[in-house]
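Reader: I have a model open and want to learn how to read it. Where do I begin?
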Amino acid sequence: MLSKNIENSLNNQIHIEAESSQIYLSMASWAETHGLEGISKFMYAQSDEERMHMLKLVKYINERGGHAQVSELKAPKTSYKTFKEMFQELYEHEIFVSVSINELVHIAFSEKDYATHNFLQWYVAEQIEEEAQAKIILDKINLIGDDKGGLYLFDRDVQQLTLNGSTSKGH
């Protein structure tokens, strides 16, 4: 049985994961309309993954006797000056999500809810991967600079991340 505090905190995380999915879907659409096929495929996969993170929380809350809540979402940003700006925002958003997950872990530990604490460890590990991947992508973008040939290769490389399953790790 979940405490009301933990149930509310997990429901807040559902909201964050749903907004993450929408943000990444909007990024995918922007990239697609700018001819960045590889980046758009990568971002569509990221959006799907965030939705899966949300669904995992929904199931957990309901299975533990709580009631998962689906809430209204804020419309995401729909355009970016550059793909670098977009990936910078993705990286900053992943850091925000990590902070939220860490706060959830703290609440579960403080309330001695070790089942939820254990459940959340998957999210902790997932966020380490998400932040690292976003940082690596940003580092590559900074190496490219304004080189159009580099952008073409980068777009292909990011598409390979999607094709190789690195954005859908089977979780």
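Reader: Take Thr78. Does it count as buried or exposed, and why?

Author: One caution before that: this is a predicted model. Now the residue. The cut-off for exposed is over 50% relative accessible area. Thr78 has 60% relative accessibility, so it counts as exposed. Thr78 sits in the loop between α2 and α3.

Reader: Which distance is given from Thr78 to Met27?

Author: Compare two separations, one along the chain and one in space. Thr78 and Met27 are 51 residues apart along the chain. Their C-alpha atoms are separated by 7.0 Å.

Reader: Now the whole chain. How many helices and strands are there?

Author: The protein chain has 5 helices and 0 strands. In sequence order the pattern reads α-α-α-α-α.

Reader: Why does the radius of gyration agree with a compact globule?

Author: Set the chain's value beside the value for a globule with that number of residues. For 171 residues, a compact globule would have a radius of gyration near 16 Å, and the protein chain has 17 Å, which agrees. The box is another way to look. Along the principal axes, the C-alpha atoms fill roughly 55 × 25 × 25 Å.

Reader: What percentage of the residues count as buried?

Author: Of the 171 residues in the protein chain, 46% count as buried.

Reader: Show me cases. Is Ile39 buried or exposed, and what about Ile61?

Author: The cut-off for buried is under 20% relative accessible area. Ile39 has 0% relative accessibility, so it counts as buried. Ile39 belongs to helix α2. Ile61 is buried because its relative accessible area is 0%. Helix α2 holds Ile61 too.

Reader: What are the spacings from Ile39 to Ser29 and from Ile61 to Ser3?

Author: Ile39 and Ser29 are 10 residues apart along the chain, with C-alpha atoms separated by 9.8 Å. Ile61 and Ser3 are 58 residues apart in sequence, and 11 Å apart in space, C-alpha to C-alpha.

Reader: Then there is Gln69. Where is it placed?

Author: Gln69 is in the loop between α2 and α3. Its relative accessible area is 38%, so Gln69 is partly exposed. Gln69 lies 54 residues from Tyr123 in sequence. In space the two are 19 Å apart, C-alpha to C-alpha.

Reader: Next, helix packing. What describes two packed helices?

Author: Two numbers do the job: the angle between the axes and the distance between them. Apply that here. Helix α1 spans residues 4-33 and helix α3 spans residues 83-110. Their axes come within 11 Å and cross at roughly 170°. An angle over 145 degrees counts as roughly antiparallel, so α1 is roughly antiparallel to α3.

Reader: Which residue classes make up the contact of α1 with α3?

Author: Sort the residues by class. The contact of α1 with α3 has 16 nonpolar, 6 polar and 3 charged residues.

Reader: On to cavities. How many of 30 Å³ or more are counted?

Author: The count comes to 1 cavity of 30 Å³ or more. The largest cavity has a volume of about 40 Å³.

Reader: Which residues line the largest cavity?

Author: The lining is Phe42, Gln46, Leu90, Glu130, Gln133, Ala134 and Ile137. Look next at the elements. Those giving two or more residues to this lining are α2 (37-63) and α4 (114-144). The largest share, 4 residues, comes from α4. By class, the lining has 4 nonpolar, 2 polar and 1 charged residues.

Reader: Last, the backbone. What sign of phi do most residues have?

Author: Most residues other than glycine have a negative phi. That is the background for one residue here. Lys112 has a phi near 55°, a positive value in a residue other than glycine.

Reader: Where is Lys112, and is it buried or exposed?

Author: Lys112 is in the loop between α3 and α4. With 62% relative accessibility, Lys112 counts as exposed.

Key: Residues numbered from 1 in each chain as written. Predicted model: local features only at pLDDT ≥ 70, side-chain atom pairs only at ≥ 80, totals over all residues. Heavy atoms only, no water. Axes fitted to C-alpha atoms, helices over the stretch in contact; angles between N-to-C directions. Parallel < 35°, antiparallel > 145°, perpendicular 65-115°, else oblique. Nonpolar A, V, L, I, M, F, W, Y, C, P; charged D, E, K, R; others polar. 1 Å grid on protein atoms, 1.4 Å probe; cavity = no way out; pocket = protein on both sides within 12 Å on 5 of 7 lines; lining within 4 Å. Points joined across faces, edges and corners; volume = space filled by probe spheres on them. Rg over C-alpha atoms; globule rule 2.2 N^0.38 Å. Buried < 20%, exposed > 50% of the residue type's maximum accessible area, 1.4 Å probe, protein only.
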